[in-house]
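I opened the model today to look up how its strands are arranged into sheets. My notes follow in the order in which I went through them.

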Amino acid sequence: MTAHDLDTFQAIEWTGESLRLLDQRYLPQKEVYLEYTDAQGLVDAIRNMVVRGAPAIGITAAYGVVLAARQRYAEDIERWPLLLEQDLQALAESRPTAVNLFWALDNMRRALAQTQFGQHPDTFLLPEAQRIHETDLQANKAMGDLGANLISKHQENGRCVMTHCNTGALATGGYGTALGVIRSAWKRGLIDRVYANETRPWWQGARLTAWELMRERIPVSLNVDSAVSHILKTQPISWILVGADRITANGDVANKIGTYNLAVQALHHEVGFMVVAPTSTIDFNLNSGEDIPIEERSGEELTSVLGQPIAPEGVEAYNPVFDVTPAELVDVIVTEKGIVRRPNKEKMARLMSKQGLH
Ligand SMILES: CSC[C@H]1O[C@H](OP(=O)(O)O)[C@H](O)[C@@H]1O
């Protein structure tokens, strides 16, 4: 892969027999690909963050259903749809916050319902998984254009942007959500530099976003999460761009821990706050962010770094890995169906009623 191939680079590859995943736990030191042939392997891959990022885990789960269905079909040619239920359940329990996972599984269930008695599971399930994968890439390209349209050449505050976590090709079917907008804006000559928050405790910003941007030669400065206010005050930043794991009917946004802080800081410093996510991230079944299940991960992610303890042995650690930014702090949500400025329930409903890729 060359630096410029990252535009089309994909961390998830369907081989026909298996799903190949770039193991994100080892980046940037090592580029290791793992090959999965069963759903349980993919449940573990999602849970242990071999693959991460809301759209990427949805795509992975969809292929997981295909692999599970093939296995169940080989076990029992008649009862395989019934046996598949436990695999769908296991995939749904892999991570709780990103709704794309459940959205993808619902789509796979609908494809399953179309399958006639005696038909091979590939008939409807494989095309549906491939459609989910392909439409995510298309959605990201569309959002890249729509989001870049909001960034003008002569921004009042300056030509730099800030981002949090990793929302790039690694986190999606390719190109990226917030990082896709940054890619498109860079190509159009609208930005000079990206400030990437390191994103403790899993370091998605330091390890993954910096890696993606450097490979494309987009100027990036890595900073500690606690430097944000200082940077917004002293550097020429016009926009903070983030992704999302779940957006509720009123426009509240669950995203990587620290996003809520950023939105508050953006308001104080009069910097734009842009959320970029496909409509597969919008959960219209939930009225507000208060209803979103927030994943808590092991305290060990806080108490040690690369296997080295950095806190007193036995200290209790609290590790919620997402937070919810209230809609009123969001300047604009960019989706593949269009943008919503100052989101609220009515505007979100109008957006969802539009026809689109998903
Ligand atoms: C393109 S959405 C990426 C999304 O995923 C992140 O979470 P994680 O790394 O824990 O899967 C984060 O919230 C990002 O915004």
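Before listing any sheet I fixed the term: two strands count as paired if DSSP finds at least two bridges between them. I also note that this is a predicted model.

Entry one, the sheet of seven strands. I looked up the order and found an open sheet that reads β6-β5-β4-β7-β10-β15-β16, in which the pairing is mixed. At its edges I found β6 (220-223) and β16 (338-341), each of which pairs on one side only. Ignoring direction, I noted that neighbouring strands of this sheet are turned by 25° against each other on average.

Entry two, one pair within that sheet. I followed strand β4 (residues 160-163) to strand β7 (residues 237-242), and the two pair in the parallel sense over four bridges. Going down to residues, I saw that M162 has I240 in β7 as its bridge partner.

Entry three, the sheet of three strands. Here I found an open sheet with antiparallel pairing and the order β1-β2-β3. The strands at the edges are β1 (12-14) and β3 (33-36), each pairing on one side only, and the twist from one strand to the next averages 20°.

Entry four, the contacts of strand β2. I traced β2 (residues 19-22) to β3, to which it runs antiparallel and is joined by four bridges; for L22, the bridge partner in β3 is Y33. Lastly I looked at what packs on this sheet, and found helix α2 (residues 54-75), which touches β1 and β2 and whose direction makes about 25° with that of β1.

How values were computed
Residues are numbered from 1 along each chain as its sequence is written. This is a predicted model: local features need pLDDT of at least 70, side-chain atom pairs count only at pLDDT 80 or more; totals for chains, interfaces and linings use all residues. Axes are lines fitted to C-alpha atoms, for helices over the stretch in contact, and angles run from 0 to 180 degrees between N-to-C directions. Two residues are in contact if their C-beta atoms, placed from the backbone, lie within 7 Å.
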